[in-house]
Structures are given as C-alpha cells and as structure tokens.
Amino acid sequence: MQVFSVAVAGASGYAGGEILRLLLAHPQVRIGALTAGSSAGTRLGDLQPHLTPLADVVVQETTPQVLSEHDVVFLALPHGTSAQVAEQLPDTVVIDAGADFRLTDADAWEQFYGSPYAGSWPYGLPELPVGTDSKQRSALRGARRIAVPGCYPTGTSLALAPAFAAGVVAARDVVIVAASGTSGAGKSLKPHLLGAEVMGSMSPYGVGGVHRHTPEIEQNLSLAAGAPVTVSFTPTLAPMPRGILATCSAPLTDGVSPTDVRGVYEKAYGDEPFVQLLPDGRWPSTGAVLGSNNVQLQIAVDERIGRLIVVSAIDNLTKGTAGGAVQSMNLALGLEETLGLPMTGVAP
Ligand SMILES: NC(=O)C1=CN([C@@H]2O[C@H](COP(=O)(O)OP(=O)(O)OC[C@H]3O[C@@H](n4cnc5c(N)ncnc54)[C@H](OP(=O)(O)O)[C@@H]3O)[C@@H](O)[C@H]2O)C=CC1
Ligand SMILES: CC(=O)N[C@@H](CCC(=O)OP(=O)(O)O)C(=O)O
C-alpha cells in the first residue's frame with residue numbers, strides 16, 4: 001500500500017487543526033512537517049490540545065524548503081499568503097484551503113478581495129453538478145493543484161446546483177441566508193467574536209451582496225446551469241463553534257411539480273457517499289453533521305408562491321474545509337475518495 005508524506009502549513013489554526021484530525025485517521029498518509037507563522041517553535045500540543053498523537057511535534061516556520069520535501073502540502077493560511085507559498089512548490093501536490101485560487105473571474109476577485117488576482121485552480125467540490133451529466137470530480141482526478149471551496153459556497157452550492165443543472169428553477173431572485181458557527185472566522189482574536197458578543201445572540205454581516213463568497217456561489221451555480229446566475233447572499237453568525245445551516249430558495253420553472261424536483265435531487269445525489277437527501281419531513285441540522293464530512297439536504301416546494309426551498313447543513317470545518325480538502329487529495333492521488341473521511345457525526 002502506497003503511503004504519501006503530507007505537510008500542513010497553518011497547523012496552529014482551525015482549518016489546519018481539522019485537516020490534521022482527519023489525516024491522523026487516513027490509512028495512506030504519513031504526517032510530516034507542521035508549519036505556521038508566529039507560533040513556529042511551539043509544540044503542537046500547546047496549540048491544538050485535541051491532537052494528542054502529534055502533541056510533541058514542534059511547529060516550524062512556513063518555508064518552501066520545509067514543505068517541498070513532501071508528496072502533498074495542505075495550505076491553511078490567510079488569503080494572499082498561500083499564493084506566495086504555492087508558487088515555490090512546483091513539484092508537490094498543493095491543496096489550498098484558502099481562497100486565492102477559487103475564482104475564475106479576475107474582475108470578481110479584485111472587486112471582492114481588493115488584491116491582485118493570482119489565477120484559478122481546479123475547484124475542490126467533487127459532488128458539484130456541472131451541466132446535466134457531469135460532476136466536478138472529473139476535474140480533480142490526478143490534479144496537482146486544488147482550490148478548496150469556501151465553507152458557505154460548499155453548503156449553498158450543493159443545495160441549489162442540481163436544480164439549476166436540471167433547469168427546474170429560474171436564474172433570478174435566488175435568495176440564500178446562512179448561519180455559521182464562529183470557527184468560520186478563524187482563530188485570531190476579533191472583537192465581534194468575543195464570547196460576550198456571540199453567546200445567546202445572532203447577527204448578520206456582509207449584508208447587501210458584499211460578502212466575498214457571493215461570486216464563488218454564483219460561479220458554482222452558473223457552472224451548473226450553463227448560464228449566468230446571480231444570488232442574494234446573507235451570512236449570519238450563530239452562537240455555536242461549528243456548523244452552517246443554509247436556507248436557499250429560487251423561483252420554480254413553470255409546470256415543475258414537487259415530485260419532479262425530488263426526482264432531480266435523488267438523481268443528483270443518490271450515489272454520493274457524503275450527500276444525504278433526507279426522507280420527507282425531516283430537516284437538516286448542524287448537530288447531525290458535526291465532525292463528519294456529510295452534507296444533509298431537504299427540499300420543499302412553496303406552491304403558493306412557486307418557489308423551491310432547499311436547506312443544507314454542513315460542518316464548516318469538516319466538509320466546509322478540511323473534509324473537502326482531504327476528499328480532493330484522495331481524488332488527486334488516485335485513492336478511494338472516501339478514505340479517512342468520517343461519515344458519522346457526533347451527537348448530542
Ligand atoms: N475556518 C473555516 O471554516 C474555513 C477556513 N478556510 C480558510 O483556511 C485558511 C485558514 O483559516 P483558519 O484556520 O480559519 O484561520 P486561523 O486564523 O485559525 O489560522 C491561520 C493559520 O495561518 C498561519 N499564518 C498566519 N499568517 C501566516 C504567515 N504569514 N505565514 C505562515 N503562516 C501564517 C497561522 O499561524 P500562527 O498561529 O502561527 O499565526 C495559523 O496557523 C484561510 O484561508 C481560510 O479562509 C476555508 C474554509 C473554511
Ligand atoms: C463565520 C465567518 O466569519 N465565516 C467566514 C468564512 C469562512 C470561510 O469559508 O472562509 P474562506 O473563504 O475565508 O476560506 C467569513 O464569513 O468570512
């Protein structure tokens with residue numbers, strides 16, 4: 001059995017920590033260098049106390065020399081940092097959890113990120129329908145560079161893409177409201193994320209089409225539809241550490257019945273190991289997907305106003321980041337896609 005050496009840059013952060021949690025259970029991976037920024041020189045056990053088997057590994061500085069000795073490098077670094085590191089790793093498979101290479105439209109990048117465009121890499125969302133008969137996974141097999149999706153785009157794109165791919169919704173008045181756990185904002189100290197601000201309270205942010213995941217969601221849905229799709233996207237912060245619950249809706253095409261829509265989703269996801277269309281009447285919850293690579297979905301048709309409503313739940317750190325990253329690595333290396341990825345959540 002082939003074993004691949006893997007380094008993680010950003011090992012002290014939330015995304016890097018979750019990548020390591022999954023890699024520790026991966027049968028074909030040997031964890032090598034762990035790197036970070038200001039915490040270089042610290043034992044991982046002092047930074048990520050839940051990663052017991054790696055407690056005595058000392059985190060190193062993030063340099064091309066340290067990282068290039070590996071078959072695979074995961075980058076879990078702030079936006080802009082990963083692009084600089086990746087270009088110095090020409091011979092390594094690089095899986096970037098950051099946003100640097102997610103967008104194919106340079107103007108959209110500059111508008112939403114306000115920095116120079118670095119380019120685009122194959123997008124790491126294997127289950128994403130691309131047109132009627134294809135999925136994004138075909139672009140990931142054997143890839144040497146992969147851009148892992150943002151957490152909101154993962155849950156929301158998988159919620160609506162089958163409907164766009166099948167043409168059962170119209171590409172206008174698409175509305176998405178999603179609540180995220182606070183780990184989505186990373187580990188660094190931010191005043192609006194203090195416990196006293198977040199506990200027992202919910203609030204929106206990035207309202208009015210300005211959140212940087214808006215163009216990423218539009219890119220995914222446009223790819224599915226084969227035509228431009230625009231969305232109204234409103235993120236909200238929820239008083240929980242992990243999870244994203246997204247409520248997504250779009251106008252139904254004339255003459256489409258609730259049974260037709262259910263058939264579309266059953267066909268799109270019936271064979272997907274990580275995407276579960278729940279039985280009628282049961283609704284997704286973040287608690288049920290906690291710590292797993294699963295996406296739970298449920299659909300409803302509001303016949304009174306002719307809209308499709310799709311609710312999705314993911315764990316933002318697992319399927320929304322690290323799980324998507326490891327799943328993409330499996331495809332890039334020609335391994336079984338599900339290796340090392342939890343399909344059971346943690347409850348209660
Ligand atoms: N949290 C989430 O749900 C998701 C996060 N992501 C992406 O993953 C990436 C990491 O996010 P997250 O883990 O949340 O962030 P954190 O703030 O928790 O971690 C950031 C990591 O980057 C390291 N770092 C910061 N600056 C540098 C630098 N100049 N050189 C080397 N290392 C540096 C930090 O090291 P140190 O501690 O030593 O400073 C730390 O390990 C981001 O691009 C984020 O957008 C993607 C999807 C979802
Ligand atoms: C709750 C929260 O703050 N979430 C983050 C998104 C996390 C994510 O997916 O990050 P990247 O696109 O940066 O990789 C945000 O809204 O900025």
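## Two domains, two sheets and two ligands

By class, the shell around ligand 1 comes to 11 nonpolar, 19 polar and one charged residues. That shell is a handy way into this structure, which is a predicted model. Domain 1 (4-149 + 319-333) and domain 2 (152-316) both contribute residues to it, so ligand 1 lies between the two. Here's a quick tour, starting with the ligands and moving on to the domains, their sheets and a couple of backbone details.

**Around ligand 1**

- The surroundings of ligand 1 hold 31 residues, and the ones that come nearest are Gly13, Gly37, Gly98, Gly186 and Lys187.
- Two elements, α1 (14-23) and α11 (318-333), are the ones that give two or more residues to this shell.
- Of the elements, α1 gives the most, with three residues.

**Around ligand 2**

- Ligand 2 has its own set of neighbours: Gly98, Ala99, Gly150, Cys151, Ser180, Thr182, Gly184, Ala185, Pro235 and Leu237.
- Sorted by class, the shell around ligand 2 splits into five nonpolar, five polar and no charged residues.
- Gly98 is worth a second look, as it is listed among the residues that come nearest to ligand 1 and is also one of the residues around ligand 2.

**How the domains meet**

- The domain assignment cuts the protein into domain 1 (4-149 + 319-333) and domain 2 (152-316).
- Taken over C-alpha atoms, the centres of domain 1 and domain 2 sit 23 Å apart.
- Where they touch, 24 residues come from domain 1 and 31 residues from domain 2.
- On the domain 1 side of that contact, α5 (106-113), β6 (129-130) and α11 each put in at least two residues.
- Helix α11 has the largest share of that side, at six residues.
- The side of domain 1 that touches domain 2 is made up, by class, of 11 nonpolar, nine polar and four charged residues.
- UniProt, in an unreviewed entry, marks residues 5-136 as "domain: Semialdehyde dehydrogenase NAD-binding".
- That 5-136 span is 25% helix and 20% strand, and its end C-alpha atoms are 26 Å apart.

**The six-stranded sheet**

- One open sheet runs β3-β2-β1-β4-β5-β8, six strands with parallel pairing.
- Its edge strands are β3 (60-61) and β8 (145-147), each of which pairs on one side only.
- Strand β5 (residues 93-96) joins β8 in the parallel sense over three bridges, and Ile95 stands opposite Ile146 in β8.
- Helix α1 lies across β1 (4-9), β2 (29-36) and β4 (72-75), at about 160° to β1.
- Helix α11 lies across β1, β4, β5 and β8, and runs at about 155° to β5.

**The seven-stranded sheet**

- Seven strands make up another open sheet, in the order β10-β11-β9-β12-β15-β14-β13, and here the pairing is mixed.
- The edges are taken by β10 (203-204) and β13 (275-277); each has a single partner strand, so one side of each has no neighbour in the sheet.
- Further in, strand β12 (residues 244-251) and strand β15 (residues 307-314) pair in the antiparallel sense over eight bridges.
- Ser249 has Ile309 of β15 as its bridge partner.
- Helix α8 (residues 214-225) lies across β9 (174-180) and β11 (231-237), with a direction at about 130° to β11.

**Backbone details to look for**

- Which peptide bond is cis, with omega near 0°? That is the one from Ala347 to Pro348.
- Pro348 belongs to the segment after α11.
- Asp173 has a phi near 50°, which is a positive value in a residue other than glycine.
- You'll find Asp173 in the loop between α6 (151-165) and β9.

Conventions. Residues are numbered from 1 along each chain as its sequence is written. Chains are lettered from A and ligands numbered from 1 in the order in which they are written. This is a predicted model: local features need pLDDT of at least 70, side-chain atom pairs count only at pLDDT 80 or more; totals for chains, interfaces and linings use all residues. UniProt positions are given in the numbering used here, feature names are shortened, and annotations may be inferred rather than shown by experiment. Helices (H or I, at least four residues) and strands (E, at least two) are DSSP runs, numbered from the N terminus. A residue is near a molecule or strand if its C-beta atom, placed from the backbone, lies within 6 Å of it. Ala, Val, Leu, Ile, Met, Phe, Trp, Tyr, Cys and Pro count as nonpolar, Asp, Glu, Lys and Arg as charged, and the others, Gly among them, as polar. Domain bounds come from an automatic or database domain assignment. Two strands pair if DSSP finds at least two bridges between them. Two residues are in contact if their C-beta atoms, placed from the backbone, lie within 7 Å. Axes are lines fitted to C-alpha atoms, for helices over the stretch in contact, and angles run from 0 to 180 degrees between N-to-C directions.
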